[in-house]
Amino acid sequence: MHFVYFIWSKKLKKLYIGETSNLENRLKYHNQGRQRYTKKGVPWQKIAYVTFENKLKALKEERHLKKCKNKNYYKKYILNYAKKW
């Protein structure tokens, strides 16, 4: 199983979208400040995730979502497809 996940930084007021096979470990990684893009936004909060059967499908969806950059689209996507974390 692979996941596309959504996390939120109150500090930056930003949503981050990523892909992983382990949600909890990935959130810890972000909150330890180990990733360049997200270290300024620590602490990150769980929002939602979508499950995929393999990594390729998850990566494809992550790329699609990151290209979109539309807050209203993200809200609808999360409401319609994602599971609350």
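A polar contact is a pair of N or O atoms within 3.5 Å; within protein, one must be able to donate a hydrogen and the other to accept it, and residues adjacent in sequence count only if both atoms are side-chain atoms. The model is predicted: local features need pLDDT of at least 70, side-chain atom pairs count only at pLDDT 80 or more, and totals for chains, interfaces and linings use all residues. Residues are numbered from 1 along each chain as its sequence is written, and side-chain values use heavy atoms, with hydrogens and water left out.

**View 1. Asn22 caps the N-terminal end of helix H1.** A side-chain oxygen of Asn22 lies 3.3 Å from the backbone nitrogen of Glu24. The backbone nitrogen of Asn22 has a partner too: a polar atom of the Thr20 side chain, 3.1 Å away. Helices (H or I, at least four residues) and strands (E, at least two) are DSSP runs, numbered from the N terminus.

**View 2. Thr20 is a buried residue of strand E2.** Strand E2 covers residues 14-20. Thr20 has 9% relative accessibility, so it counts as buried. Buried means under 20% relative accessible area, exposed over 50%, partly exposed in between (1.4 Å probe, protein chains only). Leaving aside neighbours within four places in sequence, Thr20 is in contact with His2, Phe3, Tyr5 and Arg26. Contact means heavy atoms within 4.5 Å.

**View 3. Helix H1 has buried residues Leu23, Leu27 and His30.** H1 runs over residues 23-31. Its buried residues cover an arc of only 60° around the axis, which puts them on the same side of H1. The arc is that of the directions from the helix axis to the C-beta atoms. The cover over these residues includes strand E1 (2-9), E2 and strand E3 (44-52).

**View 4. Gly33 follows helix H1.** Just after H1, Gly33 takes a positive phi of about 70°.

**View 5. The whole chain places these sites in context.** The chain has three helices and four strands. Along the sequence, their pattern is β-β-α-β-α-α-β. The C-alpha trace spans about 30 × 25 × 20 Å along its principal axes. Of the 85 residues, 36% count as buried. Among contacts between residues at least 6 apart in sequence, 61% join residues at least 24 apart. The chain exposes about 6100 Å², and carbon and sulfur atoms supply 51% of it. Accessible areas come from the Shrake-Rupley method with a 1.4 Å probe; for residues, only the protein chains shown count as cover.
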